[in-house]
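Open the structure in your viewer and follow the stops below. Each one says what to select and what is there.

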Amino acid sequence: MAARHGQVLRRAGRAAWSYVRSAPLTFGWAAILLATTLAQHAMPEGQLAEVLVQRSTNVINLVQHPVRSLVASLFWIDGSFWFPYLVSFALFHAQVERWLGWWRWLVIGLTGHVVATLVSQAVLLAAVHRGIAPPIMRGVRDVGVSYFQAAMIGVLAHHFVPCWRWAYGGVALAAYALPLVAEPGLTTLGHLVALLVGLAFLPLTRASTAAPWDPRLAWLRVRGWWGGRTRP
């Protein structure tokens, strides 16, 4: 029994390492986020707040140095825990990079990040001009990878076989639209915009020669591999 468990663990380790190597930009980015997250934990609270504001995609930074703020915000998380980001990268980012290749992954994600940021900050600026929001909101802290990730979640709908595509897309839309309805805000608006950007990239996905993904067949394959009957 122990020998069999050891064999299963070795096979799982080889499969995990193969998966990481198949999406180098995704997991390289996750490694950078780990480094910046560790740096965040080492900073005094006041210094950390200043660092994150400087790297935010708020109105002030977008006007003064738009490219730098859009890029820098992608390498910091506005939170304390890195592991959930690793899980989400493995589930969504890596799938898109493996499916469409690194440059399409990058184009889709950056487009979602930029468009969602500009739309949400334009809405904020309009609210400030109309007196709905206070002027101090132009310098609000806004960093993270969630817009990039929402675009990944959106474009992945096109990777499913038709019977699953609509179910996945409907769940994704509900997951991002309902929070916006329940609690309207810049972040919830940006998430929905980024998701729609990902969904709109259907033409770019048609260049892929990979077969559509069927979750039922994938589950049967994993069960067979785990039982030692097939390879992953």
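Begin with the whole protein chain in a cartoon view: its secondary structure comes to 12 helices and zero strands. The model is a predicted one. Followed along the sequence, the pattern reads α-α-α-α-α-α-α-α-α-α-α-α.

Keep the whole chain selected and switch on the surface. The accessible surface of the protein chain is about 13100 Å², and carbon and sulfur atoms account for 69% of that. Of the 232 residues in the chain, 41% are buried. Now consider the contacts between residues at least 6 apart in sequence: 77% of these join residues at least 24 apart.

Next, select residues 102-129, which form helix 7. How far apart are the end C-alpha atoms of helix 7? They are 40 Å apart. The helix has 28 residues, and at 1.5 Å a residue it should span 40 Å, so the distance in the model agrees with the expected one.

Move on to Gly-131, just after helix 7. This glycine takes a positive phi, of about 80°.

Now select Ala-207. Ala-207 sits in the loop that runs between helix 11 (202-205) and helix 12 (215-226). Is Ala-207 buried, exposed or partly exposed? Its relative accessibility is 46%, so Ala-207 counts as partly exposed, since that class lies between the 20% limit for buried and the 50% limit for exposed.

For the last stop, leave Ala-207 selected and add Arg-104. The two residues are 103 residues apart along the chain, and their C-alpha atoms are separated by 10.0 Å. Arg-104 takes you back to helix 7, which covers residues 102-129.

Notes
Residues are numbered from 1 along each chain as its sequence is written. This is a predicted model: local features need pLDDT of at least 70, side-chain atom pairs count only at pLDDT 80 or more; totals for chains, interfaces and linings use all residues. Side-chain values use heavy atoms; hydrogens and water are left out. Helices (H or I, at least four residues) and strands (E, at least two) are DSSP runs, numbered from the N terminus. The expected span of a helix is 1.5 Å times one less than its number of residues. Buried means under 20% relative accessible area, exposed over 50%, partly exposed in between (1.4 Å probe, protein chains only). Contact means heavy atoms within 4.5 Å. Accessible areas come from the Shrake-Rupley method with a 1.4 Å probe; for residues, only the protein chains shown count as cover.
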